[in-house]
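This briefing covers the contacts of one residue, the nonpolar cores, a helix pair and the interface between two chains.

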Amino acid sequence: MTVDVSALENTLTAEIDAAGDEAAIEAVRVAALGKKGSVSELLKSLGTMTPDERKVSGPAINGLKNRIADAIAARRESLKDAAIDARLSSEKVDVTLPVRDAPAECGRIHPISQVIDEITAIFGDLGFAIAEGPDIETDYYNFTALNFPDGHPAREMHDTFFFNPGANGERKLLRTHTSPVQIHTMEAQKPPIRIVIPGKTYRCDSDATHSPMFHQLEGLVIDRTANVANMKWVLTEFCKAFFEVEHLAMRFRPSFFPFTEPSLEVDIQCDRSNPGEVRFGEGTDWMEILGCGMVHPNVLTMSGLDPDEYQGFAWGMGIDRIATLKYGMPDLRDYFNSDVRWLKHYGFRPLDMPTLFAGLSG
Amino acid sequence: MKFTLSWLKDHLETDASLEDICDRLTMIGLEVESVDDKAALKPFVIARVLSAEKHPDADKLKVLSVDAGDGKPVQVVCGAPNARTGLIGAFAAPGTYVPGIDLTLSVGKIRGVESHGMMCSERELQMSDEHDGIIDLPDDAPLGTSFASYAGLDDPVIEINLTPNRPDCTGVFGIARDLAAAGLGTLKDATAKPVNGSGDCPVKVTIKAPDLCPGFALRMVSGVTNGPSPKWMQQRLLSIGLRPINALVDITNYVTFDRGRPLHVFDAAKVKGDLVVRRGQAGEKLLALDEREYEMTPEICVIADGNGIESIAGVMGGEHTGCDENTTDVLIESALWDPMNIARTGRDLGIITDARYRFERGVDPEFMVPGMELATRLVTDICGGKPTEAVIEGYKGHTPKIVPFPVAEVGRLTGLAVENKEALGILSRLGFTPDGSGDVVDVAVPSWRPDVDGKADLVEEVMRIHGVDEIALEPMTSHDAVNGRILTPLQVRTRTAKRALAVRGMMECVNWSFIPAAHAELFGGGNPELKLANPIAADMSDMRPSLLPGLLTAAQRNADRGAADVALFEVSGTYENDTAEGQRRVASGVRRATARAEGAGRHWAGNAPAVSVYDAKADAFAVLEACGAPADRLQATADAPAWYHPGRSGVIRLGPKIVLGHFGEIHPRTLEALDVSGPLCGFEVFVDAIPEPKRKPTRTKPRLDLSNFQAVSRDFAFVVDGAVEAAEIMRAAAGADRKLITAVKVFDIFEGASIGPGKKSIAIEVDIQPVDRTLTDEDFEALARAIIANVGKQTGGVLRQ
């Protein structure tokens with residue numbers, strides 16, 4: 001007996017083609033290839049055949065089995081793809097709907113903090129440490145130790161914020177500059193000293209360019225050789241790095257401060273011909289930016305250093321001022337107003353961290 | 001300090017240009033603040049009126065034909081009564097800006113007649129108030145040339161911003177001396193030769209306050225005629241902004257600016273008896289020359305006569321003895337006053353005068369008498385009269401300071417290589433007297449330089465005259481090849497705290513360190529030692545005890561502007577007392593309305609709920625963890641300060657003693673007292689209280705052992721009393737097996753009738769990580785029993801059925 005598989009194959013092929021989903025194709029598989037499936041039954045019939053019959057029918061039935069199995073697998077694959085496609089098409093959404101802003105995009109760092117970080121990056125590279133000191137100071141550290149004479153106008157109530165005298169009669173004050181930290185540092189630490197001191201300072205003043213509270217950056221270098229030539233270099237390098245320009249003409253001109261001798265004021269070259277914009281390293285205007293000088297021998301002596309052995313220089317500049325010059329805020333008072341519109345516009349994203357290797361402002 | 005170029009050239013022989021002079025002034029420390037080169041007056045030319053006809057349509061106007069020197073007469077309509085044929089005056093062509101009327105001329109029609117320019121009055125050129133007629137010049141005035149140049153109005157005015165240490169440059173002569181030393185010309189001799197007086201001065205002087213008046217010189221000139229001062233003097237005074245008064249007064253002002261020597265003149269006829277220099281007395285008053293009345297105190301030095309006080313010494317004279325056009329006998333005073341006392345008097349009385357400006361800086365004591373001689377000469381030259389001998393009281397002479405000067409100090413402090421000869425030459429040209437030729441030279445300081453005390457001052461003199469620009473930049477050597485960490489742990493944490501809060505969507509503020517007293521008191525402040533004696537405003541009086549009041553009121557200001565959902569923070573100082581240690585470093589923040597870290601306001605995917613204590617807690621813990629606080633050892637307890645909602649706030653503790661912060665919703669009464677509306681939550685983290693991590697000898701991280709056995713989790717729900725805190729259950733569960741249990745998380749809280757009144761259910765997920773073998777069902781059951789037992793024992797909780 002031989003078996004003609006073609007009729008069965010035609011039937012099964014038609015059933016496979018007709019299967020509309022994965023369940024239907026599974027039913028076809030069970031009916032054909034399952035234990036009692038039509039193809040399996042044919043395979044079983046091989047046992048009852050003679051060797052000659054088997055020689056003919058064996059390959060025919062096995063061929064049928066393989067072809068049906070392949071056809072089922074292929075059909076199953078295409079049904080699966082069709083099902084995925086059908087699901088995907090039903091899952092379409094409107095991708096133009098807005099998502100919530102990332103918190104890191106909404107938060108802001110205040111320009112003063114950012115600029116202090118910029119300053120820290122630069123002076124860190126120059127081998128300086130950052131020092132700090134208290135806002136509430138004594139007359140000694142704010143004035144006397146800095147060589148302010150008795151009766152100096154800065155010691156008056158109309159310039160300086162004072163507290164009421166304490167039990168011991170001492171009248172404390174809000175520091176008018178960051179310079180007292182110079183004294184604290186020299187008292188606590190032997191040279192060499194290289195520090196910069198950012199911090200809050202206070203004076204009785206209020207208008208568009210003066211605020212009763214503002215921020216200063218003090219610098220101090222003390223060793224056995226630091227001189228005006230070094231000071232000019234440090235300040236020039238700082239200004240170029242801070243304003244992120246390759247060349248910047250600077251004008252050092254003699255001036256006067258009680259705590260330095262010689263004293264200098266520094267102007268930087270700028271172009272203010274476009275209203276509301278300042279460009280550094282260009283133009284013909286000069287803008288005053290800082291005061292500096294060699295630490296006065298009296299200051300060194302009062303801090304316990306011999307001015308014939310140690311020498312050095314100091315400078316001070318307004319952080320709010322250099323921030324304004326660089327980033328262009330029109331009114332100093334806005335710095336302290338906590339208006340979120342201002343903070344959003346002039347503030348910095350929290351991941352914009354000033355570094356020298358990536359550029360201070362990116 | 002203002003002066004004109006021609007005035008400077010009275011004392012300085014120089015060919016230098018205005019620009020060179022100004023540049024050099026700035027570079028030797030006399031910063032030029034402004035220069036008015038009078039270019040605005042250049043277009044005005046001298047012109048002749050060829051004819052003057054009556055205007056056809058106006059009685060008071062005339063139609064002039066004017067020749068401005070180019071032979072092309074132009075027609076000008078003019079209303080001046082003195083306009084006439086042949087008059088020579090100052091003509092402005094169309095296009096010229098006329099400063100006195102603040103107008104740029106154009107060709108116009110006046111009553112139908114075209115006018116091509118203007119013949120000017122003195123007022124129109126801001127020369128004087130004269131406006132009765134147009135300028136009328138002599139016949140020999142050169143037609144077509146610059147009127148300003150002809151009239152001496154083109155003298156550039158220079159204003160310098162004088163530092164307080166340079167009294168010698170409060171006079172033009174001193175400025176000339178500096179420029180000459182800097183090589184810009186030759187200083188002219190300006191020695192004031194003594195005047196031959198005759199007869200004693202009839203008014204005597206007694207100094208009863210020698211500490212305030214180290215010298216007083218007086219002389220009378222009788223028979224003077226006190227009219228207007230000469231034109232050249234008036235013009236110079238006008239150029240620098242002083243109004244000419246009369247010759248005697250103008251002379252004192254002129255010497256003040258020419259030599260930095262203030263003087264005073266009394267009308268001798270109005271002085272009763274002799275003069276006494278003494279301290280004022282309470283109750284005494286003086287009507288001063290500014291026509292205001294001032295009350296005297298013993299702190300004020302005065303000059304008095306038989307009538308009482310006649311002058312506030314060194315600051316301002318009295319109205320009563322002032323000189324006017326009727327003065328015939330004048331007393332000229334040249335005195336020395338204590339600089340500090342003058343400064344205090346000026347400040348206390350609120351008087352700013354040119355005399356105070358100089359005396360408080362310290363005038364040249366050696367010029368007291370020459371100054372009087374110079375003034376006497378000017379008085380006799382201009383007003384006539386006969387001088388008496390001078391009375392000189394109190395002056396004990398001047399002993400120059402001697403400064404030992406190692407000339408090498410110039411190089412040591414500035415890096416300049418200046419030869420000794422050059423350095424000493426500069427000092428000599430400035431009036432110093434170097435004595436000796438060795439390495440250290442004794443330098444005598446001139447009497448007009450009270451600011452020079454030591455060798456560093458002399459270095460500055462050499463540096464500024466030799467030239468700061470001569471100092472080449474010299475790089476500083478770095479301490480190390482690679483710079484190490486430069487920030488202290490607190491500085492690092494301050495910086496980290498700011499970034500950590502900003503990435504949570506908060507905006508950094510910098511608020512005032514001083515706040516209203518009422519606000520300070522609400523947050524535990526108001527300490528008397530932290531109250532300012534002189535706040536700039538009444539509501540900026542107390543050093544803040546907390547950053548919260550500033551942030552809360554800032555949130556409200558934003559809400560009032562329409563931004564209701566704001567999240568603000570500040571990392572800065574608060575003040576517990578007036579010592580350095582009392583200044584704390586705090587990170588603090590507030591969230592208002594729905595300003596949550598995940599987003600604020602309405603959104604299609606789900607609206608943000610109102611902020612709560614848990615938002616504040618999340619912020620506080622984010623800061624603490626970013627700053628390296630040991631997160632697993634932090635505890636929250638429900639005993640926050642009074643400005644928080646008592647049931648919705650907490651204290652963050654590390655062990656029993658260290659408080660690291662507070663968080664919570666703000667107490668409604670606090671909000672009301674601040675005039676602020678919520679919902680508002682906030683936190684305060686004491687960044688300076690976070691313990692510094694132990695310094696380890698290696699940066700190697702501890703060994704990581706990863707288990708090969710699958711981690712599993714089991715859920716439990718416990719019913720407990722309402723007062724039981726979740727943390728207790730978490731602690732109890734974790735304590736059941738510290739080796740196997742890696743985490744306990746709360747995933748559900750339920751309160752309801754089904755579990756009974758006053759009870760709540762807390763559901764936890766316990767994460768279990770087998771270490772050395774796969775756990776069996778029996779192991780899990782044993783662990784579950786241990787957890788249930790531990791929770792039961794420590795919290796009274798029972799497994800929810």
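Beyond its neighbours within four places in sequence, Cys213(B) is in contact with Ile207(B), Val277(B), Cys301(B), Ala313(B), Ala335(B), Leu336(B), Trp337(B) and Gly394(B). The model is predicted.

**Nonpolar cores**
- Cys213(B) is also one of the residues with the most contacts inside the largest nonpolar core, a set of 171 residues; the others are Val330(B), Leu331(B), Val379(B) and Val462(B).
- The element of chain B that gives the most to this core is helix α9 (residues 368-383), with eight residues.
- A second core of 74 residues is separate and includes Phe336(A), Phe514(B), Ala567(B) and Ala629(B).

**Helix pair α13(B) and α16(B)**
- α13(B) packs against helix α16 (residues 613-626) of chain B at an angle of about 140°, and the axes are 9 Å apart.
- The two helices are therefore oblique to each other.
- Their crossing is right-handed.
- On the α13(B) side the contact is made by Thr496(B), Ala497(B), Ala500(B) and Leu501(B), and on the α16(B) side by Asp619(B), Ala622(B), Val623(B) and Ala626(B).
- This contact has six nonpolar residues, one polar and one charged.

**Interface of chains A and B**
- Chain B has 74 residues in contact with 64 residues of chain A.
- Elements of chain B that each supply at least two residues of the side touching chain A include α2 (18-27), α7 (339-349), α12 (455-466), α13 (489-502), α15 (548-560) and β33 (567-575).
- On that side of chain B, 37 residues are nonpolar, 20 polar and 17 charged.

How values were computed:
Residues are numbered from 1 along each chain as its sequence is written. Chains are lettered from A and ligands numbered from 1 in the order in which they are written. This is a predicted model: local features need pLDDT of at least 70, side-chain atom pairs count only at pLDDT 80 or more; totals for chains, interfaces and linings use all residues. Two residues are in contact if their C-beta atoms, placed from the backbone, lie within 7 Å. Helices (H or I, at least four residues) and strands (E, at least two) are DSSP runs, numbered from the N terminus. Ala, Val, Leu, Ile, Met, Phe, Trp, Tyr, Cys and Pro count as nonpolar, Asp, Glu, Lys and Arg as charged, and the others, Gly among them, as polar. Axes are lines fitted to C-alpha atoms, for helices over the stretch in contact, and angles run from 0 to 180 degrees between N-to-C directions. Angles under 35 degrees count as roughly parallel, over 145 as roughly antiparallel, 65 to 115 as roughly perpendicular and the rest as oblique. A crossing is left-handed if the near helix is turned anticlockwise from the far one by less than a right angle, and right-handed if clockwise. A nonpolar core is a set of buried Ala, Val, Leu, Ile, Met, Phe, Trp, Tyr and Cys residues joined through C-beta atoms within 7 Å. A residue is buried if 20 or more other C-beta atoms lie within 10 Å of its own, exposed if 12 or fewer, and partly exposed in between; C-beta atoms are placed from the backbone.
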